[in-house]
Amino acid sequence: MTKLSVNINKIATLRNSRGGNIPNVVAAALACERFGAQGITVHPRPDERHIRYQDVYDLKAEITTEFNIEGNCQEQKFIDLVLANKPTQVTLVPDVLDQITSNHGWDTIKNRDYLKDMVKRFQDSGIRVSIFVDPDEAMVEGAAETGTDRIELYTEAYAAEFGYDDQTAITPYIKAARKAQEVGLGLNAGHDLDLHNLKYFNERIPGLLEVSIGHALIADALYLGLEETIKRYLACLKV
Ligand SMILES: CC(=O)[C@@H](O)[C@H](O)COP(=O)(O)O
Ligand SMILES: NCC(=O)COP(=O)(O)O
């Protein structure tokens with residue numbers, strides 16, 4: 001079954017809006033685990049607008065499921081943070097500084113040598129590496145040449161098209177997933193996945209190992225509660 005990693009950035013956004021420690025991100029992560037999530041994802045950004053660097057240390061000390069840290073390895077602070085915490089997985093995302101959210105994958109061909117160095121650096125510390133890519137077979141092949149363990153397919157385009165033309169929405173992802181299988185890469189996916197589009201995606205993408213979901217899931221929890229929300233997302237991942 002595809003694993004669900006809950007991205008808790010938005011819990012930190014809410015906490016930071018007031019100062020103080022409500023809601024507590026570690027308590028929220030532990031609740032996600034208790035309710036069945038198989039992993040916790042955070043995406044600390046350089047301005048610490050949601051997850052703070054200290055949160056990563058605090059989470060690492062408490063959580064027991066797979067810990068996935070996403071971010072831009074062009075920031076030395078990010079590399080140091082990951083190496084100090086040794087999560088299960090680091091996901092390399094090519095964000096620029098003032099980006100509202102992630103909006104593109106790596107060009108794994110142009111940046112092949114750079115990514116190769118980064119992948120080795122993290123793998124040498126026992127950390128599984130995933131590279132965030134658009135659903136483009138050439139980018140998947142390029143990722144394989146870096147030595148990465150996995151890729152994460154950037155699903156914003158799928159989510160935007162889903163509900164209009166589902167077949168068109170999913171086709172590039174099926175092709176990219178098949179290519180990942182062919183070149184021996186593990187497959188993750190994420191961004192804008194939600195209760196409407198997740199089941200269709202999971203049922204059609206071969207070899208999907210993990211999805212990381214934050215924005216929609218935390219928003220759903222406002223209405224449904226965290227326990228019921230996680231239960232519904234897990235149900236979408238059953239085949
Ligand atoms: C890589 C990815 O798609 C997610 O991590 C997303 O970027 C979440 O980040 P924000 O919560 O800052 O939007
Ligand atoms: N890697 C994607 C992620 O962690 C969550 O993205 P979103 O669900 O907040 O869009």
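In which strand does Ser212 lie? Ser212 belongs to strand E8, which covers residues 208-213. The model described here is a predicted one. With a relative accessible area of 8%, Ser212 is buried, because anything under 20% is counted that way. Setting aside neighbours within four places in sequence, the contacts of Ser212 are Ser5, Thr41, Glu70, Glu152, Ala189, Gly190 and His191.

One of these contacts, His191, leads to the next part of the chain. His191 sits in the loop between strand E7 (186-190) and helix H9 (198-204). The relative accessible area of His191 is 18%, so this residue too is counted as buried. The backbone at His191 has a phi near 115°, a positive value in a residue other than glycine.

Glu48 also has a positive phi, about 50°, although Glu48 is not a glycine. This residue is found in the loop between strand E2 (39-42) and helix H3. Is Glu48 buried or partly exposed? At a relative accessible area of 28%, Glu48 is partly exposed, because the range for that class lies between 20% and 50%.

Another backbone feature is the peptide bond between Ile22 and Pro23, which is cis, with omega about -5°. Pro23 is placed in the loop between helix H1 (9-16) and helix H2.

Helix H2, made of residues 25-34, packs against helix H3, made of residues 53-62. Their axes are 9 Å apart and the packing angle is about 40°. That angle makes H2 oblique to H3, because angles under 35 degrees count as roughly parallel and the roughly perpendicular range is 65 to 115. The crossing of these two helices, H2 and H3, is right-handed. On the H2 side the contact is made by Val25, Val26, Ala29 and Leu30, and on the H3 side by Asp55, Asp58, Leu59 and Glu62. Sorted by class, the contact of H2 with H3 has 5 nonpolar residues, 3 charged residues and no polar ones.

A further pair is formed by helix H4 (residues 76-85) and helix H5 (residues 112-123). The axes of H4 and H5 come within 10 Å and cross at roughly 25°. H4 and H5 are therefore roughly parallel to each other, because the limit for that description is 35 degrees. H4 passes H5 in a right-handed crossing. In H4 the residues of the contact are Gln76, Ile79, Val82 and Leu83, and they meet Met118, Arg121 and Phe122 of H5. The contact of H4 with H5 divides into 5 nonpolar residues, 1 polar and 1 charged.

Ahead of H5 is a loop that begins after strand E4 (89-92), and His104 is located in this loop between E4 and H5. His104 has a relative accessible area of 28% and is partly exposed. Which residues does His104 touch, not counting those up to four places away in sequence? They are Pro94, Gln99, Phe132, Asp134 and Tyr154. Asn85 lies 19 residues from His104 along the chain, and the C-alpha atoms of the two are separated by 26 Å.

Helices H10 and H11 make a third pair to look at. H10 is residues 215-224 and H11 is residues 226-236; they pack at an angle of about 130°, with axes 7 Å apart. That makes H10 oblique to H11, because an angle has to be over 145 degrees to count as roughly antiparallel. The crossing of H10 and H11 is right-handed. Ala216, Leu217, Asp220, Ala221 and Leu224 of H10 meet Leu226, Glu228, Thr229, Ile230, Arg232 and Tyr233 of H11. By class, the contact of H10 with H11 has 7 nonpolar, 1 polar and 3 charged residues.

The cysteines remain. How many disulfides are there in the model? A disulfide is a covalent bond between the sulfur atoms of two cysteines. A pair of cysteine sulfur atoms has to be within 2.5 Å to be counted, and by this rule the count is 0. Cys236 is in no disulfide, and the nearest cysteine sulfur, that of Cys32, is 16 Å away. Cys236 is counted as buried because its relative accessibility is 9%. Cys73, with a relative accessibility of 2%, is likewise counted as buried.

Terms used: Residues are numbered from 1 along each chain as its sequence is written. Chains are lettered from A and ligands numbered from 1 in the order in which they are written. This is a predicted model: local features need pLDDT of at least 70, side-chain atom pairs count only at pLDDT 80 or more; totals for chains, interfaces and linings use all residues. Side-chain values use heavy atoms; hydrogens and water are left out. Buried means under 20% relative accessible area, exposed over 50%, partly exposed in between (1.4 Å probe, protein chains only). Axes are lines fitted to C-alpha atoms, for helices over the stretch in contact, and angles run from 0 to 180 degrees between N-to-C directions. Helices (H or I, at least four residues) and strands (E, at least two) are DSSP runs, numbered from the N terminus. A crossing is left-handed if the near helix is turned anticlockwise from the far one by less than a right angle, and right-handed if clockwise. Contact means heavy atoms within 4.5 Å. Ala, Val, Leu, Ile, Met, Phe, Trp, Tyr, Cys and Pro count as nonpolar, Asp, Glu, Lys and Arg as charged, and the others, Gly among them, as polar.
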